[in-house]
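Trainee: I'd like a close look at one part of this one, please. Pick a spot and take me through it slowly, with the terms spelled out.

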There are 2 protein chains.
Amino acid sequence: MDTVQLEGKLADLRAWTPTQCTIARALDVVGTRSAILIMREAHYGTTRFDEFARRVGITEAVAAARLRELVDAGLLVKEPYREPGQRTRHEYQLTDMGRDLLPALTALMQWGDAYLADGKPPLVLTHAGCGAPVHAEVRCTEGHAVDLPDILVAPRPRR
Amino acid sequence: MDTVQLEGKLADLRAWTPTQCTIARALDVVGTRSAILIMREAHYGTTRFDEFARRVGITEAVAAARLRELVDAGLLVKEPYREPGQRTRHEYQLTDMGRDLLPALTALMQWGDAYLADGKPPLVLTHAGCGAPVHAEVRCTEGHAVDLPDILVAPRPRR
């Protein structure tokens, strides 16, 4: 079987609906193309409003709306900075919540690299410490690589 | 610095634009909420048109359009089946391309679990082999856990 294993009361898919799904909640926050690409840019080090708009390829109106949403949701913080002789501007920095999108962004990139890049992924990610290629993986906390049918999905026990 | 390390000609963000970005290409295919949630369902074992619509919470028209796009893009295959006394129906099964979204889906779920579940994630994912919790992680192929500033991003060398 090429699916996860649903346990207990989850086993009959017709008997439940995933109303509290945290994938869906994640998509409430980063479920638009522009939100994900702005977060990509923040991981690259983009901090300025006009650079987010230019590099993501969106209008300043869309960039302003999306950055405001991402700040409100807690993925970015907006901080003032001032260069000599210039007026005060703002820059956007990743929060812990924003940084923790790294596995999702890396996973999307490697999926795109594998299937949508005509065999020529544009970028290479390597580990600064040892030079080996970097991947997003699914593992258990014991360190075992885990494939789809090896995953048990159960309701969280009530305390 | 809380970003990846951009190498070589990528180091000056103002000097390049991520036109070939495979995160963006991935979002061309799975960049809608309904596409991601249909893929979640396929990982759970949902196969039937009406169950995709019901469990994702979308109209049959949206489900039909999205399933067609996901089949055309290669993430699902549509296969006929027939129960005794019924007319022929179709079911949707994951392809390798669809299965390989597992790290992205797992990463989105754990991010939602961490930040958007009020401390009460609804589901628990464990490894069938050893019972340990399952996570999406960023690692290098040497097995080192990799954090954001440990990642070098470089242009892929031309052959």
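Mentor: Start with strands E4(A) and E6(B), residues 151-155 of chain B: they pair in the antiparallel sense over five bridges. Strands (E, at least two residues) and helices (H or I, at least four) are DSSP runs, numbered from the N terminus, and two strands pair if DSSP finds at least two bridges between them. This is a predicted model, where local features need pLDDT of at least 70, side-chain atom pairs count only at pLDDT 80 or more, and totals for chains, interfaces and linings use all residues. Residues are numbered from 1 along each chain as its sequence is written, while chains are lettered from A and ligands numbered from 1 in the order in which they are written.

Now zoom in on one bridge: His127(A) has Ile151(B) as its partner in E6(B). Then step back, and you'll find three strands forming an open sheet with mixed pairing, in the order E4(A)-E6(B)-E1(B). Its edge strands, E4 of chain A (123-127) and E1 of chain B (5-6), each pair on one side only.

Chain B has a strand E4 (123-127) too, and Gly119(B) sits in the loop between helix H6 (102-115) and that strand. Is this glycine buried or exposed? Gly119(B) is exposed because it has 6 other C-beta atoms within 10 Å; the cut-offs are 20 or more for buried, 12 or fewer for exposed, and partly exposed in between, with C-beta atoms placed from the backbone. From Gly119(B) to Val62(B) it's 57 residues in sequence and 32 Å in space, C-alpha to C-alpha.
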